[in-house]
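Reader: Can you walk me through this one? Keep it quick.
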Amino acid sequence: MDLALLSRVHLFPVRHHSPRTTAVLVRWLERVRPEVVLVEGPCDASGLVDVLCDEGTKPPVAILGYRTDGTPGSALWPFAEYSPEYAALRWAKATKARAEFIDIPVGVSLEVDREEAHGEEEAPESGVTPGESASGNAKAPGTGTATGKRAPGNVSRKPAKAPGAVAATGEPAPDDEAQESDVWEEPISERFARERGYRSFEELWEALFEAPAWTPEDFRPVLLAWADVLNAGPRREYHRWREAFMARRVLEVVASGVPPEKVAVIAGAAHVAAFLANDVDAAQESRLPEGVPCAVTVIPYSFPRLAEQLGYGAGNRAPHFYQKAHEAQGDFRRATLEVLIDFAGHLRMRGFTASLSDVLEAYRLALALADMREKSAPGLDELREATVATLCRGDATHVDDFLWKSVIGHQVGRVASRIGRNSLQAEFWREVDARRLPRSDSPETFSLRLNNDVEVGSSVFLHRLRVAGIPYASLSGAGQQRGAAPQEAGGYAALTRVRESWQAQWTPSTDVALVEKIVLGDTLEAVTTRVLQERLSAAKTTAAAADVLLESVITGCPQTVASALRACDARAATDSDLPSLASAARALSGLVAYGTSRAHAEVGDEAVAVLCEKTFGRALLRVREASACAPDAVGAVLEALRTLHEVALAQPRADKAGWLAEARALMESHAVHPATSGLATGLLYLARELSESDVALEVGRRLSLAVEPEAGAAYLEGFLQVNALVLVKSREVVKALDDFLSGVDAERFRQTLPVLRRALGALGPTERRYLMENVVAVRQLGARAHAVKGVLEEKDKERLEGMSAELGKALDDLDDLL
Amino acid sequence: MPDIRLPAEAKYRNELEALAAHDDRPRPPGWALSPRAVETYILGSPKPVGGVPITPKYVGDKSLIQVCIATLASDRALMLVGEPGTAKSWLSEHLSAAISGTSALIVQGTAGTSEDHLKYSWNYALLLAQGPSAEALVPSPVLRAMRLGKFARFEEVTRTSPEIQDSLISILSEKQVSIPELGEVVSAQRGFNLIATANTRDRGVNEMSAALKRRFNFVTVPVVEDLEQEIQIVTKREAELRNDYQVGVPPPEELSRLLLTLFQELRKGVTKDGKTKVRTPGAVLSTAEAISVLFNSSILAEQFGGGKVTPNELAASLVGAVVKEQEDDVKALREYMETVAKGRTGPWKELYTASKKLLRG
């Protein structure tokens with residue numbers, strides 16, 4: 001291989017997603033007029049060039065490479081319209097030149113990612129590596145990592161990029177630095193910027209590279225000089241392997257008979273600098289690992305995601321702003337003015353005054369600031385400061401709240417229909433369109449009424465996405481009760497809902513997940529069924545199996561309904577854990593009550609009812625045994641008892657009499673944990689199985705001085721967990737309480753205080769008032785209480801102040817004592 | 001007797017002269033310095049200019065100063081807004097001194113400010129004797145600034161009545177004042193502009209109209225949140241005050257640190273480690289207030305103490321500063337002492353003991 005030939009082909013250095021580079025590159029291509037355009041990007045995606053350049057494709061879009069061997073793993077190479085690589089492809093298409101990608105295949109770069117993820121364990125930053133998405137993605141496609149985030153053709157998974165380092169090429173160089181030399185603190189590019197009085201590397205880049213109207217002749221050396229600054233430090237080996245690979249691809253093209261002067265190579269500045277310096281070692285290529293089996297496709301991408309990537313090399317702070325600059329052929333003044341006009345529009349729409357003269361003044365101020373800072377055009381920092389000073393009248397909150405979003409933009413790309421969607425993507429988009437669900441990359445809220453088949457269908461669809469782990473929608477509430485505690489999205493709560501509020505937002509990770517999940521099945525139902533089956537086989541307890549059962553019903557997966565029912569039955573026979581059984585009983589009871597119609601299960605509701613009865617019966621058998629538990633386990637048992645009580649009263653098929661007998665036994669037993677006795681007493685009273693005097697008697701007995709105060713307090717804790725209002729309204733109960741509390745001696749009181757505080761701390765203001773009223777009545781404090789009330793009602797501040805001064809003094813005394 | 005306080009242009013005359021002598025950048029019409037030199041004057045320079053060290057007048061965000069200067073070079077006036085005591089007037093004084101060479105053309109906005117203060121009034125004796133004449137006219141600072149092509153300063157705009165604010169609108173948009181008695185119209189010379197300040201705590205007293213707001217660019221001067229930065233500001237300004245008034249003894253660094261920690265914690269309502277919530281008093285706890293507390297305690301120490309600033313003096317001045325408006329603030333301070341200061345070591349202990357006596361009374 002004759003590497004010297006490399007310097008004879010036309011090399012053009014770029015930084016990814018840089019409108020200025022794009023503008024200069026296009027002019028340069030016009031001049032050079034190559035016949036073959038070679039672009040840094042995974043070479044196995046060369047077949048997608050036609051799709052990328054199709055009339056029907058509208059950036060931002062991304063090449064998605066994903067593993068096909070069943071192991072999840074993928075990576076993205078996003079393109080905006082102003083990405084130089086994309087412009088080069090478009091130019092080639094327009095002039096009928098041949099266009100190809102020359103970087104290592106997806107499979108190899110995924111493998112490198114994986115190896116590095118393992119190899120780097122000692123490095124502290126590896127844990128937060130954004131770019132590790134390639135593999136991180138695998139584990140949780142629902143999370144943002146699925147966006148894969150990397151620069152086209154570059155391996156930006158390096159965490160070192162995170163602090164905002166963006167190489168000239170958007171790529172390897174700076175992170176080499178941070179990676180190997182100065183561990184994370186300040187990447188060379190940031191230091192470089194700070195030393196020159198800029199606030200960040202991005203600001204420096206805008207001022208020095210984007211804003212000036214460069215000519216191709218001047219721009220190339222400047223970019224290369226910058227690459228040299230970054231390449232000065234030690235480089236990562238891996239880039240050298242890639243450069244060897246790319247060099248070979250270029251030379252192969254030349255060898256095939258294309259004259260070198262008809263070949264143009266568009267690659268990251270660091271790579272081009274290496275090519276020009278003849279710093280390529282062909283032997284390095286053999287060090288690249290074997291690739292994993294992969295496929296590539298093109299998916300839509302979006303501006304918000306592109307903005308998110310800022311920080312490690314492949315994004316922009318404000319894609320919309322750069323798009324404007326691109327449309328104005330790199331005129332950042334014009335872009336600034338257009339954005340300011342947008343801002344004024346947004347402000348007026350929200351009812352603020354923003355006149356044309358304000359816009360002019362903001363524009364003038366932005367130019368003046370750029371001038372003071374010796375920039376040839378305003379950048380984002382000037383735009384922001386000028387907006388705050390003029391349009392926002394010094395108040396930065398509007399900018400942060402809503403204006404800034406519009407420089408980021410919310411544009412979502414579109415991919416030409418000629419590229420096949422897989423069946424999951426097709427199903428997803430068909431359903432989204434048919435059901436009129438949101439399809440933009442900004443959160444939208446809507447609600448579903450679950451009283452008609454259409455909206456139930458939508459709900460099933462959304463729940464399937466949720467269970468399958470496809471990031472799109474999340475449940476934001478059950479509709480009616482605003483401000484109620486957020487509910488779990490699935491499970492028992494989902495059964496009883498009549499309305500659901502959802503928040504949905506399409507992001508590229510939705511499509512990534514859809515592409516990846518195809519290994520689990522070709523339809524959403526199949527994927528969901530598979531996921532649920534896996535969960536079912538991992539389920540060890542009855543409760544876990546019952547949860548899967550509920551999810552199957554909610555997601556309309558009849559197959560799993562049947563198998564989950566069998567699993568519930570099997571687990572319940574051997575399960576000795578009361579909380580698990582109780583929770584399963586509740587789930588089954590819910591199904592009996594609300595039906596399994598969503599799933600159209602063949603098993604029929606009768607099977608569920610029978611199983612519900614059986615499970616409830618099994619749970620009852622465990623009640624006494626479970627209630628004699630250690631103090632630290634009592635919380636779960638109490639919860640289980642309440643669940644059983646609820647089921648017993650609500651579900652006609654449950655053995656109510658059996659439960660009441662068990663509860664009575666608990667109440668009377670001294671062998672069980674006192675809190676369970678207390679709870680049982682409360683529940684029985686509430687179910688009108690005990691009269692008020694019975695309760696008072698029982699409470700009195702339990703709280704008598706013969707009993708250990710700790711046990712008494714625990715009893716109280718369980719007792720007051722049940723509808724405390726009813727209990728504290730009963731004068732007799734309160735009297736028993738009062739006697740108990742005043743009977744405990746000081747030393748013991750201190751010991752029992754934590755438990756008492758827990759028991760009484762749960763009372764709300766209304767309950768406290770009734771409690772106080774009853775205490776007052778029991779102690780016959782009526783007359784004195786009246787006097788206190790008089791003081792309170794009197795608006796006599798002096799007396800109040802006197803009291804608070806006394807109180808203050810008492811507090812001070814207490815201070816001194818302690 | 002020398003003046004208690006020299007205006008900025010006198011106090012920093014040699015800095016301004018050195019900057020002007022070495023300023024080769026273009027100056028906007030009517031400006032004594034180029035925008036870049038003004039920036040250097042305000043923010044200070046690490047290397048001396050023409051042998052004169054340039055001290056920082058404002059410590060903080062550089063871009064804020066740049067926005068101010070860029071605004072003043074345009075036809076819009078500059079409005080500095082912020083909490084009381086955030087150095088708005090200080091900044092306005094230094095900007096005028098650097099750009100116009102004078103900071104004396106100032107109108108203090110009050111409820112009693114009348115149109116005369118903004119435009120002109122008469123020397124009535126002369127007026128009666130000679131009738132309206134140029135000699136009998138007493139021009140306002142704003143009118144003089146217009147004639148001279150210099151900056152006028154208008155302090156506390158929101159304290160003035162809407163009528164006065166309205167007449168400001170026409171001055172700012174027409175850049176003219178007509179004097180019908182003399183049949184004359186005074187047009188502003190190049191170099192005229194106006195720096196106003198407004199207090200965010202006064203918002204709502206006399207809210208500015210949208211029309212007036214449109215004549216200004218707004219710069220919010222922030223409360224200093226960085227502890228080290230605030231210590232730097234306070235120490236520097238307090239030393240200057242001691243020098244100006246020739247009283248007081250230098251307080252130890254650890255006490256300035258303690259005081260500003262306390263101020264920042266009370267302002268934010270939570271301790272520096274984020275663990276303890278504290279009640280925020282209603283009184284304004286500005287940087288300026290901190291300077292005055294520190295200066296006050298240094299005088300106390302010199303005159304009535306042992307010649308050394310101790311937490312005792314600090315506590316005495318602190319109580320006076322925090323507890324101004326409402327009795328409730330006593331409680332806030334006491335609570336802070338009980339929950340935060342008490343648990344800390346070193347001077348905090350002494351501060352706690354000292355304040356306990358004061359706050360109980």
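Author: First a term: two residues are in contact if their C-beta atoms, placed from the backbone, lie within 7 Å. In chain B, residues 24 or more positions apart account for 71% of the contacts with a separation of 6 or more. This is a predicted model: local features need pLDDT of at least 70, side-chain atom pairs count only at pLDDT 80 or more, and totals for chains, interfaces and linings use all residues. Residues are numbered from 1 along each chain as its sequence is written, while chains are lettered from A and ligands numbered from 1 in the order in which they are written.

Reader: What are the ipTM and pTM of the model?
Author: ipTM is 0.83 and pTM is 0.69.

Reader: And what does chain B average in pLDDT?
Author: It averages 87, and 98% of the residues in chain B score at least 70. pLDDT is the predictor's confidence in each residue, from 0 to 100.

Reader: Chain A?
Author: Chain A averages 77, with 82% of its residues at 70 or above. Over residues 120–184 of chain A, pLDDT stays under 50. The model has 221 contacts beyond four places in sequence for that stretch. Residues 480–485 of chain A are also below 50, and they have one contact beyond near neighbours in sequence.

Reader: Back to chain B. How many helices and strands?
Author: Chain B has 16 helices and nine strands. These are DSSP runs, numbered from the N terminus: helices are H or I, at least four residues, and strands are E, at least two.

Reader: What share of chain B is buried?
Author: 43% of its 361 residues. Buried means 20 or more other C-beta atoms within 10 Å of the residue's own, with C-beta atoms placed from the backbone; exposed means 12 or fewer, and partly exposed lies in between.

Reader: Now the interface. How many residues of chain A are in contact with chain B?
Author: 16 residues of chain A, against 19 residues of chain B.

Reader: Which elements of chain A give two or more residues?
Author: α15 (356–372) and α16 (380–389) of chain A. The largest share of chain A's side, eight residues, comes from α15(A).

Reader: What's the chemistry there?
Author: Chain A's side divides into five nonpolar, five polar and six charged residues. Nonpolar covers Ala, Val, Leu, Ile, Met, Phe, Trp, Tyr, Cys and Pro; charged covers Asp, Glu, Lys and Arg; the others, Gly among them, are polar.
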